[in-house]
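I'm opening my notebook for this one and jotting down what I look up as I go. Rings come before charges, and empty space comes last.

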Amino acid sequence: MSTGLSNNLILVLAGIIMSLVAATIVVAFLIHSRPHQNYAELESRIRTWWVIVFIFSIAILVNRAAAIIFLAFVSFLALKEYLSMIPTRRSDRQAMFWAYLSIIGQYYWVYKSWYGMFIIFIPVFIFLLLPLRMVLIGEIKGFLRSAGTLHWGLMITVFGLSHSAYLLALPADSGIPAGGAGLLLYLVFLTQINDIAQYVCGKLLGRHKVTPQVSPNKTYEGLLGGVITTVLLAFILAPVLTPLNQVHAIMAGLIISFGGFIGDLNISAIKRDLGIKDSGALLPGHGGVLDRVDSLSYTAPLFFHFIYYLYFR
Amino acid sequence: MIRSLRRLFFSLIVHPFLQIAIGVNIRNRENLPSSGPAVIVANHNSHLDALMLMTLLPMRMLSHIHPVAAEDYFLKNRLLAWFAVKLIGVIPIKRKYTPGKSDPLMPVYDAIEDERILIVFPEGSRGEPEHMAAFKKGIAHLSQHFPDVPVVPVFMHGLGKTLPKGKFIPVPYICDVFIGKPLKGETDVNLFMEKLKSSFETLSQQHQFPEWE
């Protein structure tokens with residue numbers, strides 16, 4: 001199946017690149033008109049967005065396998081950041097090695113469109129296997145913490161994120177206007193735009209904090225700005241990229257908006273717990289990969305099961 | 001021939017493996033030397049340490065960087081010797097000074113006069129992963145010989161977890177690298193060691209590392 005030829009997909013990607021051009025011009029204008037303000041972070045954020053959009057577009061335009069490999073690699077980077085920031089035990093090396101290998105399995109089931117295996121592999125088989133590996137090593141001290149944190153990380157960074165890839169494995173002949181790649185683009189674009197809208201609205205209008213303990217930057221004003229933007233775009237893009245009808249499109253927008261908000265808070269809570277600011281430094285201006293896909297770890301499974309239940313059962 | 005083989009080995013295997021598969025966070029990269037002669041001094045946790053330090057400098061400088069390592073380990077057999085000395089560019093030295101024989105640091109002095117960048121691990125061996133052992137004084141003698149050559153302290157954390165002594169399969173942990181201000185012009189051996197130690201203490205306290213036991 002080649003999705004690269006879909007006009008709708010290219011249209012939306014072109015629209016995203018146009019908005020990025022606009023954002024780049026606005027930032028350049030800001031830097032020019034207010035030379036005393038420091039826009040270094042904003043600048044590197046935009047530059048990183050260019051790189052992300054470029055790599056993501058190539059990955060989804062080449063073919064299904066390229067997109068799946070790309071998402072598997074994102075899972076790997078996110079899991080690595082997670083395991084590098086949490087406390088681990090020296091004796092967990094073998095179990096961690098198997099956890100990394102499970103990424104290949106999980107995305108292989110996606111590639112094979114084997115839904116049954118995809119949905120139970122990590123929650124059942126890997127869940128049972130990793131403690132077994134730890135038991136055979138025999139280190140009891142800290143066993144529950146290790147078994148628990150390792151599997152929790154796999155659920156978020158591999159199982160959760162791989163749902164975005166499974167959109168590519170849905171049957172192509174079921175009336176999706178831009179194929180599985182269109183669904184993937186719809187999910188990823190809306191999740192990221194929701195993050196941005198929340199951030200921008202929060203910065204400009206934010207007064208009332210939602211969860212001061214977990215993340216002082218999250219405000220009701222930002223949340224509302226995110227919801228309005230995301231629902232609006234979900235509604236406009238649904239006929240171009242998805243089989244969703246108007247009511248379902250609004251629901252999808254709400255799911256992505258609130259899901260993304262909670263996914264973001266979820267990773268923020270871990271970082272607060274561990275006393276770190278960013279999960280990594282791979283994406284200048286953003287932090288680590290985990291900081292960029294935290295929302296997606298919630299929106300991917302939620303959006304997938306929403307659309308799967310309604311249109312692909 | 002061997003130079004292009006080294007370039008190929010680094011760009012196809014070492015760089016992708018260490019910079020992408022393992023991953024690295026560098027603080028204060030600007031403190032790294034931009035040309036030789038210079039000495040990079042680092043704590044030692046893993047076989048990957050020297051390779052990682054070599055990837056931090058631009059690829060064009062690759063043929064000018066040389067890790068200094070113990071002869072008895074790396075010249076054990078011919079294959080390892082070829083790999084270490086020819087492919088990586090290791091300068092092998094004797095661990096011990098035997099009276100009557102020439103100074104074991106002689107090859108190192110030669111390299112510095114040749115404007116090379118050296119990588120030195122003053123702990124002398126990898127030891128317990130992520131535990132710093134006492135520094136040996138060879139580096140201070142080296143600096144005494146060449147007071148104008150900058151000695152750059154680099155603290156690394158993570159590779160000892162990725163590939164500790166005695167293990168063969170790497171399990172990735174992102175490597176944290178902290179590069180300190182270059183030391184220069186201290187000719188008193190003990191004072192130099194004091195300064196170096198305190199520099200490593202400051203660097204290692206820049207970040208709270210997750211528990212690993």
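Before I can talk about a cluster of rings, I need a rule for a pair: rings of Phe, Tyr and Trp pair if their centres lie within 6.5 Å. I'm also noting right away that this is a predicted model.

**Entry: aromatic rings**

With that rule in hand, I looked up the count, and it comes to 25 aromatic pairs over all chains. I picked A:W109 and A:W114, which form an edge-to-face pair with 5.4 Å from centre to centre and 80° between the planes. Are these two buried or exposed, or something in between? I found A:W109 buried, at 14% relative accessibility. A:W114 is partly exposed, at 47%.

Then I turned to A:Y115 and A:F304. Their ring centres are 6.2 Å apart and their planes sit at 25°, so I wrote the pair down as stacked. The cut-off I needed there is that planes under 30 degrees apart count as stacked. Where do the two residues lie? A:Y115 is in helix α5 (residues 115-137) of chain A, while A:F304 is in helix α11 (residues 296-312) of chain A. The pair therefore ties together parts that are 189 residues apart in sequence.

I checked their surroundings too. A:F304 is buried, with a relative accessible area of 0%, whereas A:Y115 is partly exposed at 21%. The cut-off matters for A:Y115, because buried means under 20%.

Which residues make up the cluster around them? I listed A:Y115, A:F118, A:F159, A:Y166, A:F304 and A:Y308, which form one aromatic cluster.

**Entry: charges over rings**

Next I looked for charged ends sitting over rings. In chain A, I noted A:R45, with its charged end over the ring of A:Y199, 4.7 Å from the ring centre. In chain B, the charged end of B:K76 sits over the ring of B:Y73, and here the distance to the centre is 4.0 Å.

**Entry: salt bridges**

How many salt bridges does the structure hold? I got 13 over all chains. I looked at three of them in turn.

A:K271 and A:D291 form a salt bridge, and their closest N and O atoms are 2.3 Å apart. I placed A:K271 in helix α9 (residues 246-274) of chain A and A:D291 in helix α10 (residues 289-293) of chain A, so this pair ties together parts that are 20 residues apart in sequence. A:K271 is buried, with a relative accessible area of 9%. A:D291 is buried as well, at 9%.

Over in chain B, the side chains of B:D114 and B:R116 meet in a salt bridge, at 3.3 Å from N to O. I have B:D114 down as partly exposed, at 45%, but B:R116 as buried, at 17%.

B:K195 and B:E186 also meet in a salt bridge through their side chains, 3.1 Å from N to O. B:K195 is partly exposed at 40%, and B:E186 is buried at 14%.

**Entry: one more lysine**

I stopped at B:K161, which sits in helix α7 (residues 159-162) of chain B. B:K161 is buried, at 3% relative accessibility. I also paired it up with B:V171: the two are 10 residues apart in sequence and 7.7 Å apart in space, C-alpha to C-alpha.

**Entry: empty space**

I reminded myself how this is looked up: rolling a probe the size of a water molecule over the atoms shows where empty space is left.

The second largest pocket has a volume of about 1400 Å³. It is lined by 50 residues, and the closest to its centre are B:H44, B:V68, B:A69, B:A70 and B:F74. Several elements of chain B give two or more residues to this lining, including α1 (2-22), β3 (65-70) and α6 (138-145). By class, I noted 33 nonpolar, eight polar and nine charged residues in the lining.

For closed spaces, I found one cavity of 30 Å³ or more. The largest cavity has a volume of about 50 Å³. Among the residues lining it are A:L83, A:I86, A:D92, A:M134 and A:T149. Which helix gives the largest share of that lining? Helix α6 (residues 143-166) of chain A does, with three residues. I closed the entry with the classes of this lining: six nonpolar, three polar and one charged.

Technical notes
Residues numbered from 1 in each chain as written. Chains lettered and ligands numbered in written order. Predicted model: local features only at pLDDT ≥ 70, side-chain atom pairs only at ≥ 80, totals over all residues. Heavy atoms only, no water. Phe/Tyr/Trp six-rings, centres within 6.5 Å; stacked < 30°, edge-to-face > 60°. Buried < 20%, exposed > 50% of the residue type's maximum accessible area, 1.4 Å probe, protein only. Helix = DSSP H or I, 4+ residues; strand = E, 2+ residues; numbered from the N terminus. Lys NZ or Arg CZ within 6 Å of the ring centre and 35° of its normal. 1 Å grid on protein atoms, 1.4 Å probe; cavity = no way out; pocket = protein on both sides within 12 Å on 5 of 7 lines; lining within 4 Å. Points joined across faces, edges and corners; volume = space filled by probe spheres on them. Nonpolar A, V, L, I, M, F, W, Y, C, P; charged D, E, K, R; others polar. Salt bridge = Lys/Arg side-chain N within 4 Å of Asp/Glu carboxyl O.
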